[in-house]
Amino acid sequence: NGLTICEEQMNKRTKFTIILTPGTHAYEPVKHALNEYLSTYYGGCTHIDCEGSWREDACEFKPRYDASLITEKSLCVWCAVMPDKAERFVDELRAFLTILKKQQNAEFSFIHIESQTVAAHHQLID
């Protein structure tokens, strides 16, 4: 394929998806701080303002969820992390968000984090 082993390794990333609901009063400060943090320590991130819905009993394991439906303004953030930083990403993010939650009096109690291995194809466009 023409790539060296080093270049192939550099293309591998762990892409993390983070979803949280800071609350109306803390939404913008949390978004800004999270974007700053992820860009400083992991090179960058992408975010989208969205709306999430779930049942109050969603944290239980059951075949059907019947509790009240909650819909809130949510923040969804993607961050592609280099292999040498991926293993500690969740712990470091949790520590950062614990402090940020207190600083901004944010409402989230849970954050949703998913990860997947991806190949990054950065291309220079002249």
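This is a quick tour of a predicted model, from the overall fold down to a few individual residues.

**The chain as a whole**

Let's start with the layout. The chain has three helices and four strands, and reading along the sequence gives you the pattern α-β-α-β-β-α-β. If you lay the C-alpha trace along its principal axes, it spans about 55 × 35 × 30 Å. There are 126 residues in the chain, and 27% of them count as buried. The accessible surface comes to about 8800 Å², with 52% of that area belonging to carbon and sulfur atoms.

How much of the contact list comes from residues far apart in sequence? Among contacts with a separation of 6 or more, 70% are between residues 24 or more positions apart. As for charges, the chain carries 13 positive and 18 negative ones, and the mean positions of the two sets are 2 Å apart.

**Aromatic rings**

The aromatic side chains deserve a longer look. In general, you describe a pair of aromatic rings by the distance of the centres and the angle of the planes. The structure holds five aromatic pairs. One of them is Tyr-37 with Tyr-42, which is edge-to-face, at 6.1 Å centre to centre and 65 degrees between the planes. Both of these tyrosines are buried.

Tyr-37 also pairs with Phe-96. Why does this pair count as stacked? The ring planes of Tyr-37 and Phe-96 are at 10 degrees, with the centres 4.1 Å apart, so the pair is stacked; the cut-off for that label is planes under 30 degrees apart. The sequence context is worth a glance too. Tyr-37 sits in helix α2 (residues 27–42) and Phe-96 in helix α3 (residues 83–104), so their pairing ties together parts that are 59 residues apart in sequence.

Is Tyr-37 buried or exposed? Its relative accessible area is 11%, and because buried means under 20%, Tyr-37 is buried. Zooming out a little, Tyr-37 belongs to one aromatic cluster together with Phe-16, Tyr-41, Tyr-42, Phe-89 and Phe-96.

Two lysines also lie over ring faces. Lys-73 lies over the face of Tyr-27, at 4.1 Å from the ring centre. Lys-101 does so with Phe-108, at 5.9 Å from the ring centre.

**Three residues with some exposure**

Here are the accessibility values for three residues outside that ring cluster discussion.

| Residue | Relative accessible area | Class |
|---|---|---|
| Val-90 | 35% | partly exposed |
| Asn-105 | 55% | exposed |
| Thr-71 | 40% | partly exposed |

Val-90 is found in helix α3. Which residues does Val-90 touch, once those up to four places away in sequence are set aside? The answer is Phe-16 and Ile-113. Phe-16 is a member of the aromatic cluster. Ile-113 is 23 residues from Val-90 along the chain, and their C-alpha atoms are separated by 8.0 Å.

Asn-105 is found in the loop between α3 and β4 (112–119). If you like checking backbone torsions, have a look here: phi of Asn-105 is near 50 degrees, a positive value in a residue other than glycine. With a relative accessible area of 55%, Asn-105 is exposed, because the label applies over 50%.

Thr-71 is found in strand β3 (residues 69–81). Leaving aside neighbours within four places in sequence, Thr-71 is in contact with Glu-51, Gly-52 and Ser-53. How far is Thr-71 from Thr-98 in space? The C-alpha atoms of Thr-71 and Thr-98 are 23 Å apart, while the two residues are 27 residues apart in sequence.

Definitions and conventions: Residues are numbered from 1 along each chain as its sequence is written. This is a predicted model: local features need pLDDT of at least 70, side-chain atom pairs count only at pLDDT 80 or more; totals for chains, interfaces and linings use all residues. Side-chain values use heavy atoms; hydrogens and water are left out. Helices (H or I, at least four residues) and strands (E, at least two) are DSSP runs, numbered from the N terminus. Buried means under 20% relative accessible area, exposed over 50%, partly exposed in between (1.4 Å probe, protein chains only). Contact means heavy atoms within 4.5 Å. Accessible areas come from the Shrake-Rupley method with a 1.4 Å probe; for residues, only the protein chains shown count as cover. Lys and Arg count as positive and Asp and Glu as negative; His and the chain ends are not counted. The place of a charge is taken as NZ of Lys, CZ of Arg, CG of Asp or CD of Glu. Rings of Phe, Tyr and Trp (its six-membered ring) pair if their centres lie within 6.5 Å; planes under 30 degrees apart count as stacked, over 60 as edge-to-face and the rest as tilted. A charge sits over a ring if NZ of Lys or CZ of Arg is within 6 Å of the ring centre and within 35 degrees of the ring normal.
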